[in-house]
Amino acid sequence: CISVRCCFFFFFFQAEDGIRDFCLSRGLGDVYKRQVVSTQSTWGIWGVFVVSLMVVTLSNFLNMSTPEMKAFNVIERIQIKNDLKQLASKVIKQLVIMRRKSRNGETLTVMDAADLRRCMDEFKLVNRAYKSITDEGTSLSEEMTRQFEFLKTEIKDIHREQRMMRKLTQSLLQQQE
């Protein structure tokens, strides 16, 4: 009686294909595997959902709020002010060197003037970077005023350079005559 039960238990006849199987029936899902595709698509949808949540959370975490942006601007201004101090000291040092040379009767070289010009240009660039840092609460009129000030200083620089070039050209023409 026990052997009959074991044989009945282990030899289960699957009605669809007429296949005898030694283990218990696993149902018709093993014969017709339709469930795998839907399982894969479900996991894919969940994966896309989880990744999109991670992207949204990360982007919200990386965006600065208004108080954070203002604090960042203050820190950036402090750093640029330190850079301005260093560049101003370079300009003053170059001016002192040139003044000492002129007082001692030495002739100023083109390299001295070029060094002074380079220091001044670096100072102007950093100064413009300092002025360009804005808070988020600035109005349009304040921004326009700042931009016009930038243009005004650039035009003054161009006029000054043109005057220097004109003087240089005149002095070269006078030397040739």
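## A surface patch around Phe 49

Partly exposed, as the word is used here, means a relative accessible area between the buried range, under 20%, and the exposed range, over 50%. Phe 49 has a relative accessible area of 42%, so Phe 49 counts as partly exposed. Keep in mind that this is a predicted model.

Phe 49 sits in helix α2, which covers residues 35-62. On the surface, Phe 49 joins Trp 43, Trp 46, Val 50, Leu 53 and Met 54 in a nonpolar patch. Together these residues put about 700 Å² of accessible area on show.

## The overall layout

Now for the chain as a whole. It has 5 helices and 2 strands, and reading along the sequence gives the pattern α-β-β-α-α-α-α. Of its 177 residues, 10% count as buried.

## Salt bridges around helix α4

The chain's salt bridges come to 7. As a bit of background, side chains of opposite charge can pair when their charged atoms come close.

Take Lys 101 and Asp 112, whose side chains meet in a salt bridge at 2.9 Å, N to O. This pair ties together distant parts of the chain: Lys 101 belongs to helix α3 (residues 66-103) and Asp 112 to helix α4, 11 residues apart. Asp 112 is buried because its relative accessible area is just 7%, while Lys 101, at 21%, is partly exposed.

Arg 118 has two acidic partners to look at. One is Asp 115, with a salt bridge at 4.0 Å, N to O; the two lie in helix α4, 3 residues apart, or about one turn of the helix. The other is Glu 122, with a salt bridge at 3.5 Å, N to O; Glu 122 and Arg 118 are both in helix α4 too, 4 residues apart, again about one turn. As for exposure, Arg 118 comes out partly exposed at 41%, as do Asp 115 at 24% and Glu 122 at 27%.

## The largest pocket

The largest pocket has a volume of about 160 Å³. Two elements give two or more residues to its lining: α4 (110-132) and α5 (140-176). The lining is made up of Phe 123, Lys 124, Asn 127, Arg 128, Lys 131, Arg 146, Glu 149, Phe 150, Thr 153 and Asp 157. By type, that works out as 6 charged, 2 polar and 2 nonpolar residues.

Some of these names turn up again in the salt bridges. Lys 124, Arg 128 and Asp 157, residues of the pocket lining, are linked with Arg 160 in a network of salt bridges.

Key: Residues are numbered from 1 along each chain as its sequence is written. This is a predicted model: local features need pLDDT of at least 70, side-chain atom pairs count only at pLDDT 80 or more; totals for chains, interfaces and linings use all residues. Side-chain values use heavy atoms; hydrogens and water are left out. Patches are made of residues with over 30% relative accessible area and no salt bridge: like charges are joined within 9 Å, nonpolar side chains (Val, Leu, Ile, Met, Phe, Trp, Tyr) within 5 Å. Accessible areas come from the Shrake-Rupley method with a 1.4 Å probe; for residues, only the protein chains shown count as cover. Buried means under 20% relative accessible area, exposed over 50%, partly exposed in between (1.4 Å probe, protein chains only). On a 1 Å grid over the protein atoms alone, a cavity is a set of points where a 1.4 Å probe fits but cannot get out, and a pocket is an open set with protein on both sides within 12 Å along at least five of seven lines; lining residues have an atom within 4 Å of a point. Grid points are joined across faces, edges and corners, and a volume is the space filled by probe spheres set on the points. Ala, Val, Leu, Ile, Met, Phe, Trp, Tyr, Cys and Pro count as nonpolar, Asp, Glu, Lys and Arg as charged, and the others, Gly among them, as polar.
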